[in-house]
Amino acid sequence: DQALAIMEARLSVDVGITPHLAASVMIPVRGIDTTIRYLDGSGAEVQLGSPNVHHRDERVAGLGDPMLLGAASRSFGDWRVTGRAGGTIPLGSTEQDPFALGDAGLTHEHVQLGTGTVNPVVAIEGARRWGDWRLGAFAFSQQVLYENHEGYQAGDRYAGGAVLRRRLGDRWSVHGGVEAQGETAERWNGGVPSDDGNRGRFDLIFSAAAAWSATDHLSLDLALKVPAVTHTVGGQLDMPAIIELGAAWSFGG
């Protein structure tokens, strides 16, 4: 019976180059705190005679893979559409094949903070404003085209969703939305593990959030996301909720 507290902080910087072109960089820092209990067939907790090589209480933290993107925007009537393209830089740490080490009875690590590969990213988003309302929609994909030096190939990632925002006066706004996320199975040396690891998942998530403009340049936001539909292959993480806290500062370009 394993519990994971997953945290991620992201620093994102966007710069406008022309009225229609921009560039951005996103740097993630990730932390995963794991606790585990071992149970017998009746559900009673048992103590292992020796440390388990597969799962244990531990904390893994460090830099993820930064993402570099270029963006182009254009207006079509009341809609403004932005397309983004770029890729990830393999700076996050990766581990040796945990399945090969496990088969040999050696301690191993399943958590990969990065992918070890350069992965292309494409995204498109559109938004329309009328009065105090704003409707936005987006689609995103990150493709992993080859395996890293350890034989690890992370799953491809997909996401899409829509958000409806309402301004409340000069400083506050609220918004709600729906988001779909999908990830294909990870691969090790060309094969998909049959007994553990990420073997593919899909989540449909509803969100509610509020934002406050502290000044003309600084805004803060708080969001709660709750998965409504989850489909996974094999035993995987069950997420009860996701909490997001953000701050944005605008200056110059």
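**Exercise 1. The Arg128 salt bridge**

Arg128 is partly exposed, with a relative accessible area of 25%. Task: find which residue forms a salt bridge with Arg128, and what the pair ties together.

Solution.
- Step 1. Note the source: this is a predicted model.
- Step 2. Find the partner. Arg128 forms a salt bridge with Asp78, with the closest N and O atoms 3.2 Å apart.
- Step 3. Place both ends. Arg128 sits in strand β8, while Asp78 sits in the loop between β6 (67-76) and β7, so the bridge ties together parts that are 50 residues apart in sequence.
- Step 4. Check exposure. Asp78 has 51% relative accessibility. The cut-off for exposed is over 50%, so Asp78 counts as exposed.

**Exercise 2. Two further salt bridges**

Task: describe the salt bridge of Asp132 and that of Arg171, with the location of each end.

Solution.
- Step 1. Take Asp132. Its side chain meets that of Arg166 in a salt bridge, at 3.4 Å from N to O. This pair links distant parts of the chain: Asp132 is in the loop between β8 and β9, and Arg166 is in strand β11, 34 residues apart.
- Step 2. Compare with the accessibility classes. Asp132 is partly exposed at 38%, and Arg166 is partly exposed at 27%.
- Step 3. Take Arg171. Its salt-bridge partner is Asp216, with the closest N and O atoms 3.8 Å apart. The pair links Arg171, in the loop between β11 and β12, to Asp216, in the loop between β14 and β15, 45 residues apart.
- Step 4. Classify these two ends. Arg171 is partly exposed at 36%, whereas Asp216 is exposed at 72%.
- Step 5. Set them in context. The structure holds twelve salt bridges.

**Exercise 3. Tracing the strand order**

Task: starting from β7, follow the strand pairings to β12.

Solution.
- Step 1. β7 (residues 79-88) runs antiparallel to β8 (residues 120-130), joined by nine bridges. One pairing to look for is Gly86 with Val121 in β8.
- Step 2. β8 pairs with β9 (residues 133-142), again in the antiparallel sense, over ten bridges. Here Glu125 stands opposite Phe138 in β9.
- Step 3. Look at the turn. β8 and β9 form a hairpin with two residues between them, and Gly131 in that turn has a positive phi of about 60°.
- Step 4. Ten bridges join β9 to β11 (residues 157-168), and these strands run antiparallel. Trp133 has Arg166 as its bridge partner in β11.
- Step 5. β11 is joined to β12 (residues 172-183) by twelve bridges, in antiparallel fashion. Tyr158 has Gly182 as its bridge partner in β12.
- Step 6. Inspect the second turn. The β11 and β12 hairpin has three residues between its strands, and Gly169 in the turn has a positive phi of about 80°.

**Exercise 4. Thr88: buried or exposed?**

Task: classify Thr88 and list what it touches.

Solution.
- Step 1. Locate Thr88 in strand β7.
- Step 2. Apply the cut-off. Buried means under 20% relative accessible area, so Thr88, at 4%, counts as buried.
- Step 3. List the contacts, leaving out residues up to four places away in sequence. Thr88 touches Asp65, Pro66, Met67, Thr117, Val118, Asn119, Val121 and Gln142.

**Exercise 5. An unusual phi**

Task: state what sets the backbone of Asn189 apart, and where Asn189 lies.

Solution.
- Step 1. Recall the background. Most residues other than glycine have a negative phi.
- Step 2. Read the angle. Asn189 has a positive phi of about 55° although it is not a glycine.
- Step 3. Place Asn189 in the loop between β13 (187-188) and β14 (201-213). Asn189 is exposed, at 52% relative accessible area.

**Exercise 6. Nonpolar residues, inside and on the surface**

Task: identify the largest nonpolar core and the nonpolar patch on the surface.

Solution.
- Step 1. Start inside. The largest nonpolar core has five residues: Phe99, Val144, Tyr152, Ala154 and Trp188.
- Step 2. Follow Trp188. Beyond its sequence neighbours within four places, Trp188 has contacts that include Phe99, Tyr152 and Pro193.
- Step 3. Move to the surface. Leu11, Val13, Ile27, Val29, Leu63, Leu68, Ile89 and Leu91 form a nonpolar patch there, with about 640 Å² of accessible area together.
- Step 4. Assign strands. β1 (2-16) and β2 (21-36) each supply at least two residues of this patch. Val29 lies in β2 and is partly exposed at 43%.

How values were computed: Residues are numbered from 1 along each chain as its sequence is written. This is a predicted model: local features need pLDDT of at least 70, side-chain atom pairs count only at pLDDT 80 or more; totals for chains, interfaces and linings use all residues. Side-chain values use heavy atoms; hydrogens and water are left out. Helices (H or I, at least four residues) and strands (E, at least two) are DSSP runs, numbered from the N terminus. Buried means under 20% relative accessible area, exposed over 50%, partly exposed in between (1.4 Å probe, protein chains only). Contact means heavy atoms within 4.5 Å. Two strands pair if DSSP finds at least two bridges between them. Patches are made of residues with over 30% relative accessible area and no salt bridge: like charges are joined within 9 Å, nonpolar side chains (Val, Leu, Ile, Met, Phe, Trp, Tyr) within 5 Å. Accessible areas come from the Shrake-Rupley method with a 1.4 Å probe; for residues, only the protein chains shown count as cover. A salt bridge is a side-chain nitrogen of Lys or Arg within 4 Å of a carboxyl oxygen of Asp or Glu. A nonpolar core is a set of buried Ala, Val, Leu, Ile, Met, Phe, Trp, Tyr and Cys residues joined through side-chain atoms within 4.5 Å.
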